[in-house]
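Biologist: Please choose one part of this model and look at it closely, residue by residue. After that, I would like a connected account of the other features that can be described.

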Amino acid sequence: ARARLVAAGLAVDAAPAAVRAAAQAARRRTGRLDALRDVADALVQERALVRTAAAEAEAGATALTAVDVRLAQLPGRRTSVRAQVEAARCAAERLPVVEARVGVLTTAVREARGLCDALARLDQLREEHVLARETLVSLREKEADLREARFVSMVAELADRLEDGAPCEVCGATSHPDPYLGDGDSVTRDDEDRARLAAEQAAREVADVEARTAAQTAAADGHRERLAVMGEEGGDVGALEPALQAAQDELAEVHILVAGLAAVTAELEQVAAAQADGDAERVRLDAEVAAERRRGEEAEQRAGAHQARLASELDGAPDLAAALAYAAQVAEVCDAVVEAAAIAERASAEAVRTASAALAAATAAGFSDVAGAGSAVRTPTWREDARRRLRSYDDERAAAEAVLAAPELQDLPAEPVEVGAALAALQAADAAVRETGGAQAAVTERLRALEALVPQLVVAIEALAPLAEQAAQARRLADLCAGAGQNALRMTLTSFVLAARLEQVADMASGRLLRMTQGRYCLVHTDGAVKGGARSGLGLLARDSWTGQDRETSTLSGGETFLASLALALGLSDVVQAEAGGTRIEALFVDEGFGTLDEDTLDEVMDVLDGLREGGRVVGLVSHVAELRARIPAQVHVRKTRRGSDVVLVGC
């Protein structure tokens, strides 16, 4: 207790009277300091008011900065919105002009498309007119032929009714020295009328096509005139459609700008209102910040006065609480020293009495002195732990004796057994037993399944044998038809059926090919094996009569190949015509290939084609060979232009 006197400003060996006087002085100072608590509380309140005013002023300054930021953004926003308003107003002024241009371009595109459609229909009508004229000429020729045949038939009928001595129905003569001996074609008046009606119908169709052509021509001219009025004489749809699309896009943009005029105008008004609100808010915040700063300064002045009064009373203590704590500490330390001194006096007397009693007790217990008795003392914890271990050892011994007394352990070997090895062997034996039991169960289950499936398998195999034989027979037949298996020629059934028809075509084609090649080549069907293991049955060989050998058609020259192809096409048409009950194939077209022929071969080919024309067929040749122009009287020239292809008829 005396050691604590140093902290209280007193000497360690101070007299008890001085210590008691210091305690009384500390209590009197505590009373004086308690009277200053109101001043300290006022100081705390004023400092809190200073902090609050500073925080409010800082918040106002932050809000003022935010207002300044918003106000700084408003001029740029006002400029942008004004530009949008101006653009919308300009768009409103351009709207009628753009709408008018879209209307003009829409009409122009419609007229240009109508012109294209009219020109396309005119081309189609010209083709129909050519066909109708050809039909009319053919029917008029047929009508003239029938009329002449009808006249001959009438003469033959009159000649048949002439009898000697009977008057002639025409001239009345009874003598008929030179009657008509022809038979005529038995053409009736109905045949002649039908031919005339057909010709008249064809003439009406020609007139109808001409009328429709005139109407379409007038429509096309109308489209051209309207396009010329609009300043689009060319009527190019490919140029007008992009222009129309661009104008429509511009119109859509103008509509969007005009539609947004009210919105951007309202936004401009909002910017002006925001400017006014921001200015008012800035004035208000300036006033609030200034007021808070004045309030903080006034509170700071009052806090300074309170701090000065406290400083004069605290004798260097940092605050009232520290001064009170120091005074209370001094009083407490002094009281503790006084109390400890009284206790020490009582303890000294008790120590003398207790030492005498301890020595008597140690001597009575058999110890020479008190120190020897003290060294034999054990703690209660040690004694409790010893009792617990004794009980545990007794329990373990009783459990071991009970286990060893079991009947099954009476025959244990006298020598100790290695427990680890015995446990490992026991675990291995248990695992082997479990594995063997699982395998036995699986085998038993599979055995039962096999016993149920074997009879089904036997029945299925017995039923499969005839089906397998039928399937093998069907497979052999299918392979034979597909050109596989025992089919040595690898000829399919389809090829086998078509081979007979190909022989007919080759026979019919050979006659014309011999003529076109001056008796050198003819075509021979072959069903021999093909190199490389390919399918056979539809092969053709070119038999060369000059060498007496059969050649592969791939060894023919370009001109010879064209002649062979042309002969096959003509032979095929003859076979088809014969198979169709004699129905005539009226038209035949040959496309290109003439450029590979020499002059003599070309003459032979033209003779063959002329022979087809003499039989009544229409033969059309498609070629770029200039020499054919002199050989073909009726020609159709196709000329390419930027607007498409034109057809010019020559010699028709």
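**Val636 and its setting**

Modeller: Val636 counts as exposed because its relative accessibility is 51%, where exposed means over 50% relative accessible area, buried under 20% and partly exposed in between, with a 1.4 Å probe and protein chains only. This is a predicted model, in which local features need pLDDT of at least 70 and side-chain atom pairs count only at pLDDT 80 or more, while totals for chains, interfaces and linings use all residues. Residues are numbered from 1 along each chain as its sequence is written, and side-chain values use heavy atoms, with hydrogens and water left out.

Val636 has its place in strand S6, which covers residues 635–641; helices (H or I, at least four residues) and strands (E, at least two) are DSSP runs, numbered from the N terminus. On the surface, Val636 joins Val638, Val647 and Leu649 in a nonpolar patch, and together the four have about 350 Å² of accessible area. Such a patch takes residues with over 30% relative accessible area and no salt bridge, joining nonpolar side chains (Val, Leu, Ile, Met, Phe, Trp, Tyr) within 5 Å and like charges within 9 Å; the areas come from the Shrake-Rupley method with a 1.4 Å probe, and for residues only the protein chains shown count as cover. Strands S6 and S7 each supply at least two residues of this patch.

Val636 also belongs to the lining of the largest pocket, where Leu621, Ala634, Gln635, Val636 and His637 lie nearest the centre among 38 lining residues. The largest pocket holds about 1700 Å³ of space, a volume being the space filled by probe spheres set on grid points that are joined across faces, edges and corners. On a 1 Å grid over the protein atoms alone, a pocket is an open set of points with protein on both sides within 12 Å along at least five of seven lines, whereas a cavity is a set where a 1.4 Å probe fits but cannot get out; lining residues have an atom within 4 Å of a point.

Several elements each supply at least two residues of that lining, namely helix H2 (37–161), helix H12 (599–614), strand S5 (618–622), helix H13 (628–631), strand S6 and strand S7 (644–650). Helix H2 gives the most, with six residues. By class, the lining has 20 nonpolar, seven polar and eleven charged residues, with Ala, Val, Leu, Ile, Met, Phe, Trp, Tyr, Cys and Pro counted as nonpolar, Asp, Glu, Lys and Arg as charged, and the others, Gly among them, as polar.

Helix H2 can be followed further through two of its residues. Ala88 lies in helix H2 and is buried, with a relative accessible area of 2%; Ala88 and Val254, though 166 residues apart in sequence, are 7.9 Å apart in space, C-alpha to C-alpha. Leu131, also placed in helix H2, counts as exposed at 53% relative accessibility, and the C-alpha atoms of Leu131 and Val206, 75 residues apart in sequence, are 9.0 Å apart in space.

Among the charged contacts, Glu128, Asp208 and Arg212 are linked in a network of salt bridges, a salt bridge being a side-chain nitrogen of Lys or Arg within 4 Å of a carboxyl oxygen of Asp or Glu. By this rule the count comes to 15. Within the network, Asp208 and Arg212 meet at 3.1 Å, N to O; because they are four residues apart in helix H3 (residues 189–229), about one helical turn separates them. Both partners are partly exposed, Asp208 at 40% and Arg212 at 37%.

Arg353 forms a salt bridge with Glu350, with the closest N and O atoms 1.7 Å apart; these two residues are three apart in helix H6 (residues 320–364), about one helical turn, and Glu350 is partly exposed at 37% relative accessibility. In helix H8 (residues 380–404), Asp385 and Arg389 are four residues apart, about one turn of the helix, and their salt bridge has its closest N and O atoms 3.2 Å apart.

One backbone feature remains: Gln518, in the loop between helix H10 (493–516) and strand S1 (521–526), has a positive phi of about 60° although it is not a glycine. Most residues other than glycine have a negative phi. Gln518 counts as exposed, at 54% relative accessibility.
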